[in-house]
Amino acid sequence: MAEITYAQPRSSRVTSISSTMATRADLDSGPTVVVPPASYMASTIPETLAKARTHVDAIVDDETSSSDDESSASVRGVVPNYAFAFDIDGVLLKGGHVIPEAKEAMKYLNGENPDGLKVPYIFVTNGGGKTEQERCLDLSKQLDVAVSPDQFICGHTPMREMAEMYQTVLVVGGDGEKCRVVAEGYGFRDVVTPGDIMKWQAAVTPFRVLTEDEYKNSRDRDFSKINIDAIFVFADSRHWGDDTQIIMDLLLSKNGRMGTLSDTFDEGPPIYFSHNDVVWATNFELNRLGMGALRVFIEALYKDRTGKTLQTATSFGKPQIGTFHYATRVLERWRKDVFGEEGPPQTVYFVGDTPESDIRGTNEFHEHVDEEWYSILVKTGVYQPGTVPRHQPRVIVENVLEAVKHGMERSRKQALQELDELGNGIEASIQK
Ligand code: G3P
Ligand code: MG
C-alpha cells in the first residue's frame with residue numbers, strides 16, 4: 001500500500017471548532033469563489049474572458065486527455081467552488097469493509113479526473129467509539145488516502161463541547177475502555193463506565209459477570225456516594241441489557257445516585273446520544289439496529305415505568321442542524337488551510353445512504369443557509385433500491401463513485417453556463 005502522508009496545512013491552526021460558535025453570520029461571511037477563478041483573472045475583461053474560456057475549453061475538449069498533458073496541468077491549483085461531504089457507513093464502508101468504488105472515488109477527487117481538479121472534502125459519520133485520530137488512521141488505510149482528523153466529524157465529536165458542563169458522567173457504548181479514553185481526551189473530568197458500576201456491586205446486573213479484563217480495567221468507586229450528573233451514549237452499546245439497566249437506574253434516581261429512586265421521576269440526569277440512527281448498514285443483507293433503537297427502547301421503558309414521557313433525552317449527529325453547522329465550519333477551515341481558499345464553497349455535495357439522517361439533514365440545512373447543500377443518495381447502504389425514500393434526495397445514484405462524478409459534472413456544466421451568460425452580457429454591453 002502507498003505510504004500515507006497528510007496534506008500540510010498552509011498555516012498553523014486551531015483544530016477544535018465550536019459547534020456553538022457556528023452562527024448564520026459565520027456561514028454568510030467571506031467571499032465565495034466564482035467563475036472564472038482568481039488565478040485566471042487578467043487585467044481587462046476581454047483578457048479575463050479569453051483566459052477563462054481557454055480554461056473551460058480545456059476542460060470541455062480534453063476529457064479523454066491524460067492528467068499530465070498541458071491542458072490538464074493548466075487547471076491544477078484551481079480550487080473548485082464546490083466541495084463534498086461523505087457519510088461513511090453504507091457509502092464508503094460496509095461492515096468494516098471498503099465498498100469497492102470508494103477508493104476510486106477518493107482518487108477521482110484527488111486529481112485523477114479528466115480535469116486534474118483536486119476537490120476539498122470532509123467526512124461526517126454518525127459512527128464513533130474511538131478517538132478521531134484512531135478512526136482517521138483506520139480510514140486512511142482502508143481508503144488508501146490520507147484522512148486527517150481536521151476533515152473528520154463523528155457522532156460524538158460535538159460532545160467535546162459539553163466537557164465543562166458536568167462533573168461526573170456515565171459514558172456508555174463502544175469496545176472496552178475506548179469511549180472512556182475518548183471522553184477523557186475531550187476533557188470530561190470524571191468519567192464512569194457501566195463496568196465501574198458493575199464492579200462496585202455485581203448485583204446491579206444479575207445476569208452478567210464482568211470478564212477478567214473488564215474487571216481489571218473497571219475502576220473502584222463507591223457509587224453510594226457519587227452523583228452522576230449526565231449520561232452520554234458515545235457509541236453503540238455492546239451489552240444492551242446491562243447498559244439499559246444502569247441507564248434506567250440513573251434516569252429514575254434522585255440526582256444520579258445509584259440505589260435511590262425518585263418519587264417524581266424527574267430528578268435523574270439528562271441523557272445524550274451521539275446520534276439517532278434506528279438502523280444502519282453492515283455487510284448483513286438487512287439493516288441492523290443502531291443507537292436510535294436504544295433510544296426508542298429507553299424511552300419506551302421510561303414511559304412504561306413512570307407513565308411519563310422522558311423529557312431529558314437529546315441526540316447529536318445527523319440530521320441535527322447543529323451537526324451540519326459544525327460540518328460547515330470544519331469544511332471552511334479545511335478549505336482555507338489546505339487549499340488556501342477563504343469562505344464556504346458555493347455548493348456542498350453530501351453523499352449519504354440513510355434518508356432519515358443524511359438526506360433529511362442535508363435538505364433541511366440547505367433551507368437554512370445561503371450556500372447550496374445538495375443531497376445525493378447511494379444504493380449501497382440503508383436505502384433499499386426500489387423503495388421510496390422517506391426524505392427525497394436531489395438525486396439517487398448507484399454508488400459513491402457515481403455520486404462524485406455526478407456532482408463534479410453538474411458543477412462543471414453550471415460553470416460553463418455562467419461563463420456563457422457572463423460573456424453574452426459583456427458582448428451585449430460592448431455593442432451598445
Ligand atoms: O453506528 C454508525 C451508524 O449508525 C451510521 O454511521 O457513517 O452511516 O453515519 P454513518
Ligand atoms: Mg451511513
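Visitor: Which residues are around ligand 1?

Guide: First, how to read such a list: a residue is near a molecule if one of its heavy atoms lies within 4 Å of it. Around ligand 1 are Asp87, Ile88, Asp89, Thr125, Asn126, Gly127, Asp236, His275, Asp277, Trp280, Lys318 and Asp353. Two notes on sources. This is a predicted model, where local features need pLDDT of at least 70, side-chain atom pairs count only at pLDDT 80 or more, and totals for chains, interfaces and linings use all residues. Residues are numbered from 1 along each chain as its sequence is written, chains are lettered from A and ligands numbered from 1 in the order in which they are written, and side-chain values use heavy atoms, with hydrogens and water left out.

Visitor: Which polar side-chain atom lies 2.9 Å from an oxygen atom of ligand 1?

Guide: One of Lys318. A polar side-chain atom of Asp277 lies 3.1 Å from a ligand 1 oxygen. Asn126 uses its backbone: an N or O atom there lies 2.7 Å from an oxygen of ligand 1. The protein covers 96% of the 310 Å² of accessible area that ligand 1 has on its own. Such areas come from the Shrake-Rupley method with a 1.4 Å probe; for residues, only the protein chains shown count as cover.

Visitor: What are the protein donors of the magnesium ion (ligand 2)?

Guide: Donors are N, O and S atoms within 2.8 Å of the metal (3.2 Å for Na, K and Ca); water is not among the atoms, so sites may look incomplete. Here they are Asp87 (OD), Asp89 (O) and Asp353 (OD), lying 2.0 to 2.1 Å from the ion. Their spacing in sequence is D-x1-D-x263-D. Asp87 sits in the loop between strand E1 (82-86) and strand E2 (93-94), and Asp353 in the loop between strand E13 (347-352) and helix H12 (355-368), so the pair ties together parts that are 266 residues apart in sequence. Helices (H or I, at least four residues) and strands (E, at least two) are DSSP runs, numbered from the N terminus.

Visitor: Are Asp87 and Asp353 buried or exposed?

Guide: Buried means under 20% relative accessible area, exposed over 50%, partly exposed in between (1.4 Å probe, protein chains only). Both Asp87 and Asp353 are buried.

Visitor: In what order do the 6 strands of the open sheet run?

Guide: Start with pairing: two strands pair if DSSP finds at least two bridges between them. The order is E5-E4-E1-E13-E14-E15, with parallel pairing. Strand E5 (152-153) and strand E15 (395-397) are the edges, each pairing on one side only. Inside the sheet, E13 and strand E14 (residues 372-378) pair in the parallel sense over 6 bridges. Thr347 stands opposite Glu372 in E14.

Visitor: Which side chain does Glu372 contact?

Guide: A polar contact is a pair of N or O atoms within 3.5 Å; within protein, one must be able to donate a hydrogen and the other to accept it, and residues adjacent in sequence count only if both atoms are side-chain atoms. The Glu372 side chain makes one with the side chain of Arg410 (2.8 Å). Glu372 is buried, with a relative accessible area of 16%.

Visitor: Which strands pair with E8?

Guide: Strand E6 (residues 168-172) and E8 pair in the parallel sense over 4 bridges. Val169 stands opposite Ala230 in E8. E8 also pairs with strand E9 (residues 271-273), in the parallel sense over 3 bridges. There, Ile231 stands opposite Ile271. Both faces of E8 (residues 230-233) are covered: Ala230 and Phe232 on one side, and Ile231 and Val233 on the other, are all buried.

Visitor: What unit do E8, helix H9 (residues 240-251) and E9 make?

Guide: A crossover is right-handed if, with the strands pointing away from the viewer, the path from the first strand over the helix to the second runs clockwise. E8, H9 and E9 make a right-handed β-α-β unit.

Visitor: Where does the backbone take a less common form?

Guide: Most residues other than glycine have a negative phi, and most peptide bonds are trans. Asn255 has a positive phi of about 55 degrees. Phe265 has one of about 60 degrees. Asn255 lies in the loop between H9 and E9, and Phe265 lies in the loop between H9 and E9. Asn255 is partly exposed, with a relative accessible area of 46%. For the peptide bonds, see Lys318 and Pro319: a cis bond joins them, with omega about 10 degrees. Pro319 is in the loop between strand E12 (313-315) and helix H11 (321-339).
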